[in-house]
Amino acid sequence: MLGDSITPRPPPAACVGSGDRLAADWRCLLTSDSLVPSPPRPNRFVKDILLKISKLEKKVCKMIVLLTGIIVLHLAVLVLLLISTVVNSWWYFSDSNSLDIWQNCTWLEFWNCEPYTTNEWLQAVQAMMILSIILSFLSLILFFCQLFTLQKGGRFYITGIFQLLAGICVMSGAAIYTVQYPHIHGERYSGSYGFTYILAWIAFPLALCSGIIYVILRKRE
């Protein structure tokens, strides 16, 4: 093969001489590097292939990082929505009495929780929080479906719309609770907001950011 061709090199100065001397000093010729194979010349076609593979690896790495960030952000929104809806810390009366949108819990050597009042405004908050969880979960499912079925160059409009609606729902629920909490709690409204109420407001801008990313995201190969 061409890559394994042997290119003779000039013998070292110590091996140059008359014919008799060369015959006598044949060991000098054999031990010299005059018969070392020349390194194969790189093929331009192989160089182009290696360059394309390197570019493809960088592109794949960027796509993996982008998809991972999008999924992590979506899961963070979903976890915040679940915690803010389920955990009993929307409103604190005292260290031993707290409320969420579902029940009233009092500490009497153990947490004694009772179903909360059926206030219309509270029911609206409950509906908005549950709807936000459903929409965000459906948005995540739709994202994976569109990821494998959407054509090249398409945008994730449906996924983004569902996530934006989830953000609007959680914002509506938290806003209703903020404005109507005196009517919800009645005479016991003197207190402070709990951490799950704050998590609901944190989930709102994160859901909007996630939805906007889906809308502007374009699928590539």
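**Group meeting talk: a walk through a predicted model**

Okay, let's start with the inside and the outside. The protein has 221 residues, and 29% of them count as buried. Keep in mind as we go that this is a predicted model. As for the outside, the accessible surface comes to about 14,200 Å², and carbon and sulfur atoms make up 68% of that.

Now, what's the chain built from? In secondary structure we've got six helices and five strands. If you read along the sequence, the pattern goes α-α-α-β-β-β-β-α-α-β-α. So you go through three helices, then four strands, then two helices, then a strand, and you finish on a helix.

How much of the contact picture comes from residues far apart in sequence? Take the contacts with a separation of 6 or more: 69% of those are between residues 24 or more positions apart.

Next up, confidence. The average pLDDT is 77, and 66% of the residues score at least 70. Where is confidence lowest, and where is it highest, among the helices and strands? The low end is helix α1, residues 19-24, with a mean of 49. The high end is helix α6, residues 195-216, at 93. And look at the very start of the chain: residues 1-5 have a pLDDT below 50, and that stretch has four contacts in the model beyond near neighbours in sequence.

Right, my favourite bit: the aromatic rings. How many aromatic pairs does the structure hold? Eight. I'll show you two of them.

One is Phe143 with Tyr214. The pair is tilted, with 5.1 Å centre to centre and 50° between the planes. Find them on the structure: Phe143 sits in helix α4, residues 120-149, while Tyr214 is in helix α6. They're 71 residues apart, so this pair links distant parts of the chain. Both Phe143 and Tyr214 are buried.

The other is Tyr193 with Tyr197, and this pair is stacked: 4.1 Å centre to centre, with 15° between the planes. Are these two buried or partly exposed? Tyr197 counts as buried because its relative accessibility is 7%, and the cut-off for buried is under 20%. Tyr193 has a relative accessible area of 29%, so Tyr193 is partly exposed.

And these two tyrosines have company. Trp90, Tyr177, Tyr193 and Tyr197 together form one aromatic cluster. If you want somewhere to begin on the structure, try picking out those four residues.

That's it from me, thanks!

Notes: Residues are numbered from 1 along each chain as its sequence is written. This is a predicted model: local features need pLDDT of at least 70, side-chain atom pairs count only at pLDDT 80 or more; totals for chains, interfaces and linings use all residues. Side-chain values use heavy atoms; hydrogens and water are left out. Buried means under 20% relative accessible area, exposed over 50%, partly exposed in between (1.4 Å probe, protein chains only). Contact means heavy atoms within 4.5 Å. Accessible areas come from the Shrake-Rupley method with a 1.4 Å probe; for residues, only the protein chains shown count as cover. pLDDT is the predictor's confidence in each residue, from 0 to 100. Rings of Phe, Tyr and Trp (its six-membered ring) pair if their centres lie within 6.5 Å; planes under 30 degrees apart count as stacked, over 60 as edge-to-face and the rest as tilted.
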